[in-house]
Amino acid sequence: MSVVACYSSKGGVGKTAAAVNLSFAAAERGIRTLLLDLDQQGAASFYFRVRPAKGHRARWFMDGTPRALRFVCETDYADLHILPAHISYRKLDTMLGSVRRAKRRLGDLIEYAAKDYELIFLDCPPNLGLVAENIFRVADTLLVPLIPTTLSKRTFYQVDEFFERSGYDRAKLRPFFSMVDVRKRMHRDTRTELRASEPRLLATEIPLCAQVEAMGTFREPVLRGFPGHRSSQAFRDLLREVIAIQESKRATGVPHC
Ligand SMILES: Nc1ncnc2c1ncn2[C@@H]1O[C@H](COP(=O)(O)OP(=O)(O)O)[C@@H](O)[C@H]1O
Ligand SMILES: [Mg+2]
């Protein structure tokens, strides 16, 4: 079982679009997949037309039991389950501040889910607090969507520095270009620069396109609504890269970079 987080400390960069489409792409390949929607805004849950059941609360995340997993829902798709977000997740950081093993609670929960799933995706909030530190510990790989702009690049390296300072494994951070618009000079220049300097950068790029944006209207993954579109192909390619990274880690015991 592998845990793959779609993470950035920046909002609006394509974390949820990636988490939703990668989860769907994995399930499409017959991989038993769980998506944990960790963002109180619940966008991934919305895309999959799932609402949190009565009684679902943030506190089940940190009680050291598998209780939160009772709230896992089926989606409309085979092999794809989701634990929807709840508005109370907005208090997760504060709540974690007053428990023991505050940075390991998500890992404890995921251990309970490990036997039922081959791949667990995390759709993360744009956070660099205790929730994020739980994610940094438990994720085998952190996919970081990076819009090819100066500010997004800066945000990525801030997280990278935080990893270094805090002793987390920097090789887990795998940026990929998101919302790429080759008509923009800044996108082309940032891409050229990072391709030359950042070995952790994944090969796949997700293009900026209306079809991905339309997921909000149709409430389904772009792979479902527009299976032949180049953005769907890009998400499938991204999944292939992610699976190759996990296989390489398993085979060698060292990060694949
Ligand atoms: N490749 C893309 N092309 C066009 N719009 C996109 C693309 N990826 C995401 N979006 C849109 O950008 C907004 C932010 O994307 P989202 O995945 O929700 O980001 P995050 O989860 O990082 O906040 C959403 O409105 C989404 O529909
Ligand atoms: Mg999101």
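This passage describes the ligand site, the pockets and the cavities of a predicted model.

The tour may well start at the ligand. Ligand 1 sits in the largest pocket, a space with a volume of about 500 Å³. Of the 25 residues lining this pocket, G12, V13, G14, A17 and M179 are the closest to its centre. Two or more lining residues come from each of the elements α1, α2 (43–47), β7 (173–180), β8 and α8. Among these contributors, α1 gives the most, with four residues. Sorted by class, the lining of the largest pocket comprises 16 nonpolar, six polar and three charged residues.

Turning from the pocket to its occupant, ligand 1 has 15 residues around it, and G12, K15, T16, A17 and P207 come nearest. The shell draws at least two residues from each of α1 (15–28), β8 (205–207) and α8 (210–213). Here, too, helix α1 is worth a look, as the largest share of the shell, three residues, comes from it. The shell around ligand 1 divides by class into nine nonpolar, four polar and two charged residues.

Several polar atoms of the protein face oxygen atoms of the ligand. In the side chain of K15, an N or O atom lies 2.8 Å from an oxygen atom of ligand 1. A17 takes part through its backbone, with an N or O atom 2.9 Å from a ligand oxygen. For V13, a polar backbone atom is found 3.0 Å from an oxygen atom of ligand 1. As for burial, ligand 1 taken alone exposes 560 Å², and the protein buries 80% of that.

A further open site deserves a visit. The second largest pocket holds about 170 Å³ of space. Its lining is made up of M1, S2, I31, E118, L119, V242, I243, Q246, E247 and R250. Helix α11, which spans residues 230–252, gives the most to this lining, with five residues. In terms of class, five of the residues lining the second largest pocket are nonpolar, two are polar and three are charged.

Enclosed space comes next. Rolling a probe the size of a water molecule over the atoms reveals where empty space is left. In this structure there are two cavities of 30 Å³ or more. The largest cavity contains about 90 Å³ of space, and the residues that line it are L38, F61, M62, L92, L96, R105, L106, V131 and N134. Three helices, α3 (92–96), α4 (105–113) and α5 (130–138), are the elements that each give two or more residues to this lining. By class, the lining of the largest cavity has seven nonpolar residues, along with one polar and one charged residue.

The second largest cavity encloses about 30 Å³ of space. Around this cavity stand S8, K10, V144, P145, L146, S152, T155 and F156. Strand β6 (141–146) and helix α6 (150–166) are the elements that supply two or more of these lining residues. The lining of the second largest cavity divides into four nonpolar, three polar and one charged residues.

Definitions and conventions: Residues numbered from 1 in each chain as written. Chains lettered and ligands numbered in written order. Predicted model: local features only at pLDDT ≥ 70, side-chain atom pairs only at ≥ 80, totals over all residues. Heavy atoms only, no water. Near = heavy atom within 4 Å. Polar contact = N/O pair within 3.5 Å; in protein donor to acceptor, adjacent residues only side chain to side chain. Areas by Shrake-Rupley, 256 points an atom, 1.4 Å probe, with all protein chains shown as cover. 1 Å grid on protein atoms, 1.4 Å probe; cavity = no way out; pocket = protein on both sides within 12 Å on 5 of 7 lines; lining within 4 Å. Sits in = over half its atoms within 2 Å of the grid points. Nonpolar A, V, L, I, M, F, W, Y, C, P; charged D, E, K, R; others polar. Points joined across faces, edges and corners; volume = space filled by probe spheres on them.
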